[in-house]
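This report covers a strand arrangement, some helix packing and the enclosed or open spaces of one protein model. The sequence and structure come first.

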Amino acid sequence: MAFPYLEAVIGIMILSYIFESYLDLRQHAAHKLPNLPKTLEGVISQEKFEKSRAYSLDKSYFHFVHEFFTIFMDSMILYYGLLPWFWKKSAEFLLVVGLNAESEILQTLVFLAGLMIWSQITDLPFSLYSTFVIEARHGFNKQTIWLFFRDMFKGIGLAILLGPPIVSALVVIGKKGGPYLAIYLWGFMFVLSIVMMTLYPILIAPLFNKFTPLPEGELREGIEKLASSLKFPLKRLYVVDGSTRSSHSNAYMYGFFNNKRIVLYDTLIQQCKNEEEIVAVIAHELGHWKLNHTLYSFVAVQIITFLQFGGYTLVRKLVSLFRSFGFDTQPVIIGLIIFQHTVIPLQHLLSFGINLVSRSFEFQADAFAKKLGYGAALRAGLVKLQEENLSAMNTDPWYSAYHYSHPPLVERLAAIDELEKKED
């Protein structure tokens, strides 16, 4: 008797949903706590705490509904064999329009286009509610309905433009890769990731946001002086108009080798009136670069990607696995989709481990900024960002350990304070 792969996968999906819902309930209870953590008393205003609490609870209720809908739909799609049904319909569509129904590349493109349309339709109500109800209610949403749909259609256009050549290459490699398939697939994805990281900030990001050079002044001088002192090869310093869509704030850097760029959200500049706080936040980001966190993360992703493709090669011709999901053949893209479903537990464990390392990196970057003399400014900047973004003040330890890539504010402030005590 063949192993019931489909039933096992659905069972694992539901068990994962139950476990994560338990963690969500723990975090929801933390959101309901009426008082600030003792560490934040006198640091965060009561007004900001109440606003943060209301925002977190709204997002939490929405999350419960969205996650239930997602697990229900995903389980039904798998259980009732909608994927193999649509795969066959994709071939029928090709016949109707006079194209070669025997071409796996064309059938794959039609199949994925249908999935994209389905995903857009089912996710649209949730996206609209999240943006124009929850985010708007709490003062974050700044975009119009026109801008929302313009961004959505731009994203679809990019998928139509970039998707076919990428998918076609994956299918060809999958069909002709032979015993070195995992290496070829990884090599292709490695090159693709380098190309996309190079082109995204230059060609794609400007389609959605306006990037302008940071004006001359104390802030620019402070960042350039900091970068120079660390020998950071800063070539461009930009401000992005994040305020056209949201009042959430952020900052990031990108670029290879001696062509680094730093981008500040205009909302960050508006919210942090003390420019030293912004420089301290950049010092933290440069700490990631100086301590090679970005490189370590990139290498880790490449290793994980290679291992995933290696796992796929072990099951790509397992006829019983494909038949369990309702497929009579073993198409490349279907094999990749099924494989991703079969390793869900490993993905959760991997995500937990990555978050664990990421939180460690955040502490190290904070300590780096502290050693540069930005301890007080970083502390103030972190508090300001927490307040202005209405981030959760009370966090459940189990939930944060499993989900958070950044330590909660309470832990980061405690770590900075501990460093100061050691210096004293």
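Two strands are taken to pair if DSSP finds at least two bridges between them. The model examined here is predicted. Six bridges join β2 to strand β4, residues 260-265, and this pair runs parallel.

## The four-stranded sheet

The strands β1, β2, β4 and β3 follow one another in that order in an open sheet of four strands, and the pairing is mixed. At the edges are β1 (211-213) and β3 (251-254), each of which pairs on one side only. Direction ignored, neighbouring strands of this sheet are turned by 30° against each other on average. In general, the strands of a sheet pair through backbone hydrogen bonds, and they may do so in a parallel or an antiparallel way.

Which way does β1 run against β2? The two strands run antiparallel, and three bridges join β1 to β2, which spans residues 234-240. Within this pair, T212 has V239 in β2 as its bridge partner, and P213 stands opposite Y238 in β2. V239 also takes part in the contact with β4, where V239 stands opposite L264. That contact is the parallel one, with six bridges between β2 and β4.

## The β3-β4 hairpin

At the other edge, four bridges join β3 to β4, and these strands run antiparallel. One facing pair here is Y252 and V263, the latter in β4. β3 and β4 form a hairpin with five residues between them. In the turn, G255 has a positive phi of about 115°.

## Helix packing

Helix α10, residues 293-315, packs with α12 at an angle of about 110°, the axes being 10 Å apart. That angle makes α10 roughly perpendicular to α12, because values from 65 to 115 degrees count as such. The crossing of α10 and α12 is right-handed.

A second packing involves helix α13 (residues 344-388) and helix α15 (residues 409-423), at an angle of about 130° and with axes 9 Å apart. That makes α13 oblique to α15. The crossing of α13 and α15 is left-handed.

## The second largest pocket

The second largest pocket has a volume of about 770 Å³. Four elements give two or more residues each to its lining: α2 (46-79), α3 (82-96), α4 (104-137) and α12 (332-342). The largest share comes from α4, with nine residues.

In total, 23 residues line this pocket. D74, I77, L115, W118 and S119 are the ones that lie nearest its centre. By class, the lining of the second largest pocket holds 15 nonpolar, six polar and two charged residues.

## The largest cavity

How many cavities of 30 Å³ or more does a search of the whole structure find? The search finds two. The largest cavity contains about 40 Å³ of space.

The lining of the largest cavity consists of A30, H31, F49, S52, R53, S56, A392, M393 and N394. At least two of the lining residues come from α1 (5-31), and at least two from α2. The largest share, four residues, belongs to α2. Sorted by class, the lining of the largest cavity has four nonpolar residues, four polar and one charged.

## The second largest cavity

The volume of the second largest cavity is about 30 Å³. Around this cavity are L6, I77, L78, G81, L82, L83, P84 and F325. I77 is also one of the residues nearest the centre of the second largest pocket.

Which element gives the most to the lining of the second largest cavity? With three residues, α3 does. Both α2 and α3 supply at least two residues of this lining. By class, the lining of the second largest cavity divides into seven nonpolar residues, one polar and no charged.

Note on methods:
Residues are numbered from 1 along each chain as its sequence is written. This is a predicted model: local features need pLDDT of at least 70, side-chain atom pairs count only at pLDDT 80 or more; totals for chains, interfaces and linings use all residues. Side-chain values use heavy atoms; hydrogens and water are left out. On a 1 Å grid over the protein atoms alone, a cavity is a set of points where a 1.4 Å probe fits but cannot get out, and a pocket is an open set with protein on both sides within 12 Å along at least five of seven lines; lining residues have an atom within 4 Å of a point. Grid points are joined across faces, edges and corners, and a volume is the space filled by probe spheres set on the points. Ala, Val, Leu, Ile, Met, Phe, Trp, Tyr, Cys and Pro count as nonpolar, Asp, Glu, Lys and Arg as charged, and the others, Gly among them, as polar. Axes are lines fitted to C-alpha atoms, for helices over the stretch in contact, and angles run from 0 to 180 degrees between N-to-C directions. Angles under 35 degrees count as roughly parallel, over 145 as roughly antiparallel, 65 to 115 as roughly perpendicular and the rest as oblique. A crossing is left-handed if the near helix is turned anticlockwise from the far one by less than a right angle, and right-handed if clockwise.
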